[in-house]
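Dear colleague,

I am pleased to hand over the structure below for your study. Please keep it open beside this message while you read the findings that follow it.

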Amino acid sequence: MATTLVYIGTYTRPEGHVPDAKGKGIYTYELDLATGKLSYRDLTEGIDSPTYLALDSQHRYLYALAEVSSWPEGLCYAYRIDPASGALTYINMQPTLGRAACHVSLDHSDNYVLIANYGGPIGVAVLPVRADGGVAPASSAAIHDGSGPMTNRQDVPHSHCIQPDAANRYVFVSDLGIDKLMSYRLDSQNGQLTPNNPPSVSLAPGAGPRHFVWHPNGKFAYIIQELNSTMTALAYDAASGSFQVLQTVSTLPEGFNGISSCAAVQIAASGKFLYGSNRFQDSIVIYAIDDQTGLLTLVGHQSTQGKTPRDFAIDPTGTYLLVANQDSDTVVTFRIDPATGRLQDIGQVAEIPSPVCLKMIQL
């Protein structure tokens with residue numbers, strides 16, 4: 001029977017938004033698919049605040065960003081995954097060229113690690129992957145320009161999420177500081193990014209686009225917006241690498257007037273349901289997706305049973321959704337109803353310090 005492992009990135013150093021950071025590195029837990037219980041397996045130390053993680057498509061390597069806002073550059077660490085145990089072995093690291101590296105992914109060839117730097121001035125970097133899975137110095141970088149109306153959060157660009165499209169022809173970067181989803185053409189032979197035409201799609205002023213996901217059919221994408229607590233559905237033209245805004249809906253319960261700040265977004269493998277996290281309001285919003293139009297219909301909200309749901313993930317079988325509650329030091333397991341998309345609290349809570357990012361594999 002397959003073993004399901006969960007790699008958990010944590011804050012190990014205090015930051016303005018995480019003054020009481022308690023993490024020690026990258027934690028490895030095993031998920032029991034019968035019960036939803038998490039059991040401790042391992043801890044990989046020797047990395048400062050490995051807040052965001054990425055896996056190659058064959059689950060041979062894990063890449064982790066060291067996000068320390070006081071450093072002039074972030075660092076990207078490469079680890080080899082033991083195919084039998086899932087244990088991580090350090091390979092090497094490279095600078096990300098910008099401050100506060102906050103998101104990492106890979107292109108679909110597994111030849112390039114793609115990095116978003118929240119602090120800039122270089123917002124985007126591409127690191128080639130070596131034959132041994134390590135990272136080489138950057139082959140390409142990009143700087144964004146502009147600002148947004150919320151001067152306390154949008155005085156400069158803030159790249160926050162970077163992902164390729166399914167065809168590996170384009171790379172997109174959501175920039176919270178300028179309210180845009182930036183579009184680049186990817187030269188997969190040389191690891192170069194060049195601005196697409198059009199170079200971006202504009203979102204609502206002051207929205208603060210944060211993370212985005214693709215629908216499995218490749219026709220739609222969904223972007224969660226941190227500053228105004230909304231979710232936007234977009235139609236994607238794969239030929240031109242361009243988007244059209246279809247719909248924007250609130251992520252918050254009707255009548256809620258408190259403080260909230262969106263963070264993560266995930267989609268069910270079936271493409272039927274979309275999920276987003278509301279920090280401070282501390283819930284997961286659930287939408288049903290019309291797979292013909294891409295439009296969203298609210299299903300409901302589920303309390304995360306903790307504080308500040310920074311990230312969450314769906315296990316490879318689609319049975320469970322796990323939430324990393326950053327400020328209550330817990331990862332909580334919910335069972336997914338495959339018919340309705342709703343989440344059931346099954347009472348499984350793992351105490352993990354300052355959890356930020358969750359990535360799962362099956363061995």
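Two rings of Phe, Tyr or Trp, the last counted by its six-membered ring, are called a pair if their centres lie within 6.5 Å. By this rule, a search of the whole structure, which is a predicted model, gives 12 aromatic pairs.

One of these joins Tyr79 and Tyr90, which meet edge-to-face with 6.1 Å between the ring centres and 70° between the planes. Tyr79 belongs to strand β6 (residues 75-81) and Tyr90 to strand β7 (residues 88-95), so this pair ties together parts that are 11 residues apart in sequence. Tyr79 is buried, at 2% relative accessible area, whereas Tyr90 is partly exposed, at 42%.

An aromatic pair is also formed by Trp214 and Tyr236, again edge-to-face, at 4.8 Å centre to centre and with 65° between the planes. Because Trp214 lies in strand β16 and Tyr236 in strand β18, parts that are 22 residues apart in sequence are tied together. Both Trp214 and Tyr236 are buried. The two residues also belong to a cluster in which ring pairs link Tyr170, Phe172, Phe212, Trp214, Tyr236 and Phe243.

Strands β16 and β18 are part of an open sheet of four strands, in the order β16-β17-β18-β19 and with antiparallel pairing. At its edges are β16 (209-214) and β19 (242-250), each of which pairs on one side only. From one strand to the next, the twist averages 25°. Six bridges join β17 (residues 220-225) to β18 (residues 230-237) in the antiparallel sense; Ile223 has Thr232, in β18, as its bridge partner.

Leu181 sits in strand β14 (residues 180-187) and is buried, with a relative accessible area of 3%. Beyond its neighbours within four places in sequence, Leu181 is in contact with ten residues' worth of surroundings that include Phe172, Phe212, Ile223 and Phe243. Leu181 and Phe243 are 62 residues apart in sequence, yet 8.9 Å apart in space from C-alpha to C-alpha.

Finally, how many disulfides does a search of the whole structure find? The result is zero. A disulfide is a covalent bond between the sulfur atoms of two cysteines. The sulfur of Cys102 has its closest cysteine sulfur in Cys161, 8.4 Å away, and is therefore too far for a bond; the cut-off is 2.5 Å. Cys102 is buried at 7% relative accessible area, and Cys161 is buried at 1%.

With kind regards

Note on methods
Residues numbered from 1 in each chain as written. Predicted model: local features only at pLDDT ≥ 70, side-chain atom pairs only at ≥ 80, totals over all residues. Heavy atoms only, no water. Pairing = 2+ DSSP bridges. Helix = DSSP H or I, 4+ residues; strand = E, 2+ residues; numbered from the N terminus. Axes fitted to C-alpha atoms, helices over the stretch in contact; angles between N-to-C directions. Buried < 20%, exposed > 50% of the residue type's maximum accessible area, 1.4 Å probe, protein only. Contact = heavy atoms within 4.5 Å. Phe/Tyr/Trp six-rings, centres within 6.5 Å; stacked < 30°, edge-to-face > 60°.
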